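Q: I am new to this structure and would like a close look at a single part of it. Please describe that part and what surrounds it.

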Amino acid sequence: MNIYVGNLSYDAYEDDVRKLFEEYGNVESVKIITDTYTGKSKGFGFVEMPNDEEARKAMESLDGKELSGRPLKVNQARPKKERRSRQSRW
């Protein structure tokens, strides 16, 4: 299951998030989203957990839990929507 993790501290590392979620089960991957140009965190990321039951338990337990002084927003990730092209009209 793909899990959205929001309101992350801009200083949070993927290892910090992984440790939190591993308390609830196997974590396949962690990805904190960064700005393409600056490389700085955008304050959110995704955690992939292969076991849905463990993922649900993690979401229930970690939503609102503080990490680096910020309450996390944790829920099931929604499928990515297709973006419209930014092509010029010229």
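A: The answer below deals with helix α1, the loop before it and the core it joins. This is a predicted model, in which local features need pLDDT of at least 70 and side-chain atom pairs count only at pLDDT 80 or more, while totals for chains, interfaces and linings use all residues. Residues are numbered from 1 along each chain as its sequence is written, and side-chain values use heavy atoms, leaving out hydrogens and water.

Helix α1 spans 14–22 and strand β1 spans 2–6; helices (H or I, at least four residues) and strands (E, at least two) are DSSP runs numbered from the N terminus. The loop between them holds S9. S9 counts as buried because its relative accessibility is 11%, and buried means under 20%, exposed over 50% and partly exposed in between (1.4 Å probe, protein chains only). Leaving aside residues up to four places away in sequence, S9 touches S41, S68 and R70, where contact means heavy atoms within 4.5 Å.

Within α1, R18 and E22 are four residues apart, about one turn of the helix. Their side chains form a salt bridge at 4.0 Å, N to O (a Lys or Arg side-chain nitrogen within 4 Å of an Asp or Glu carboxyl oxygen). The count by this rule is one. E22 is partly exposed at 42%, and R18 is partly exposed at 25%.

F21 is among the residues with the most contacts inside the largest nonpolar core, which has 20 residues; such a core is a set of buried Ala, Val, Leu, Ile, Met, Phe, Trp, Tyr and Cys residues joined through side-chain atoms within 4.5 Å. β1, α1, β2 (29–34) and α2 (52–62) each supply at least two of its residues, and α2 gives the largest share, four. Beyond four places in sequence, the contacts of F21 include I3, V47 and L62.
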